[in-house]
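Student: I have a model open and would like to go through its domains, a helix pair and a sheet. Can we take them in turn?

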Amino acid sequence: MIISHDLGQLNEDSLHKTSAMETKLGFTKMSVSEFETWLNSLRIARTVLKIQLHHTYRPDYSNFTGSNHFERQQAMKNHHMLNNGWSDIGQHFTIFPDGSLMTGRSLENIPACIYGQNSNSVCIENLGNFDHGGDIMTQAQKDAIVMVTSMLLRKFNLPPNSNTILYHHWFDLSTGQRNHSNRNKKSCPGSNFFGGNKEQDFETNFLPLIVSSLTGSVIKENTAAVVRFACVTATTLNIRIQPDSSASKAPDRDPVTFGTILRIYDEQNGWLKISNSQPHWVSGRFTTPVTRATVTAGSLNIRTGPGTEFFKAGNYTQGEIVFIFEEKNGWARVSLSDRWVSSRYLDTEN
Ligand SMILES: [Zn+2]
């Protein structure tokens, strides 16, 4: 059931558009209301902290016929795998000009969408070229983008702000540095995406739409039951229904994958319970403990080693959530690879 009062002042038309869910070529196409039902019943082990928004640029509206969703999605997957050498299509979801949505990469897998920002992200590609002079976004697609983003924030208990919703344009393509410059950036999700691709445009135009569509729903951190966090160090790790390697795999759950941050609710004999409500367990042997922390500095440099003499490799902004893998001489490693920040600007109260 759709709770339409949660959807604020958005165009009701896209809600009542009923296209039956369809699965083909490994992708599932659905309407926004079907997506809400699908998302609510979905169990996901990956800890999600960010929703990324992109435009496809190519294909654009001229490549969309109104009925070739699966062909376009398959063409993007082929391009990502054959030309980019990726293991799968880069994004988790594509939103089409008619307001329909299609699944891509499994949500249990880290996307390939913004350098340095993928670990705890969900990636949405919006089909079209939303640069100035490009496609004029349809109302159906606008509504779908706002509603889908809001539903994901609600699902993952994320407050709406510029740390939880990211535009590709805010990040340097080779360093991952977040800044206001135009150098070495993509225009993505488009210089005319909801009135502009700058952080200021986001605050002025996009964020208020999200805030109003979230009216009535409580967004709060929901980590009270979490005992601790752990990061997956195996390529894939099966989810089982008992803390035992001979137990059956949990039905309808994809294995968790390398780099995923798990929320742990219980531990038994080296096994970790990763769901609060379900008996879903993974072997702790293939995980490493991590500590959740909040960035307290306005801009916190990420370096390639534990000291100011190491190269800068991006930055965090105030309020961002990171996970600490180890600490050394006042420095904290915040990734499976060599990414370090000064511990002084991390708050680990939880
Ligand atoms: Zn992009």
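Student: Which domains does the domain assignment of the protein chain give?

Tutor: The model is a predicted one. Its domain assignment places residues 223-350 in domain 2 and residues 4-213 in domain 1. The domains given are therefore domain 1 (4-213) and domain 2 (223-350).

Student: Which class has 10 residues on the side of domain 1 that touches domain 2?

Tutor: The C-alpha centres of the two domains are 25 Å apart. Their contact takes 21 residues from domain 2 and 17 from domain 1. On the side of domain 1, 3 residues are nonpolar and 4 are charged, and the class with 10 is polar.

Student: Are helices H4 and H5 roughly parallel or oblique to each other?

Tutor: The axes of H4 (residues 139-155) and H5 (residues 199-213) come within 9 Å and cross at roughly 60°. Angles under 35 degrees count as roughly parallel, and 65 to 115 as roughly perpendicular. The two helices are therefore oblique.

Student: How many charged residues are in the contact of H4 with H5?

Tutor: H4 contributes Val 146, Met 147, Thr 149 and Ser 150, and H5 contributes Leu 209, Ile 210 and Ser 213. Of these residues, 4 are nonpolar, 3 are polar and none is charged.

Student: Which strands stand at the edges of the open sheet S12-S13-S14?

Tutor: The order of this antiparallel sheet is S12-S13-S14. An edge strand here has a single partner, so one of its sides is left without a neighbour in the sheet. The edge strands are S12 (266-268) and S14 (281-283).

Student: What is the bridge partner of Trp 271 in S14?

Tutor: Strand S13 (residues 271-273) is joined to S14 by 3 bridges, and the two run antiparallel. In S14, Trp 271 is partnered by Ser 283.

Technical notes: Residues are numbered from 1 along each chain as its sequence is written. This is a predicted model: local features need pLDDT of at least 70, side-chain atom pairs count only at pLDDT 80 or more; totals for chains, interfaces and linings use all residues. Axes are lines fitted to C-alpha atoms, for helices over the stretch in contact, and angles run from 0 to 180 degrees between N-to-C directions. Helices (H or I, at least four residues) and strands (E, at least two) are DSSP runs, numbered from the N terminus. Angles under 35 degrees count as roughly parallel, over 145 as roughly antiparallel, 65 to 115 as roughly perpendicular and the rest as oblique. Two residues are in contact if their C-beta atoms, placed from the backbone, lie within 7 Å. Ala, Val, Leu, Ile, Met, Phe, Trp, Tyr, Cys and Pro count as nonpolar, Asp, Glu, Lys and Arg as charged, and the others, Gly among them, as polar. Two strands pair if DSSP finds at least two bridges between them.
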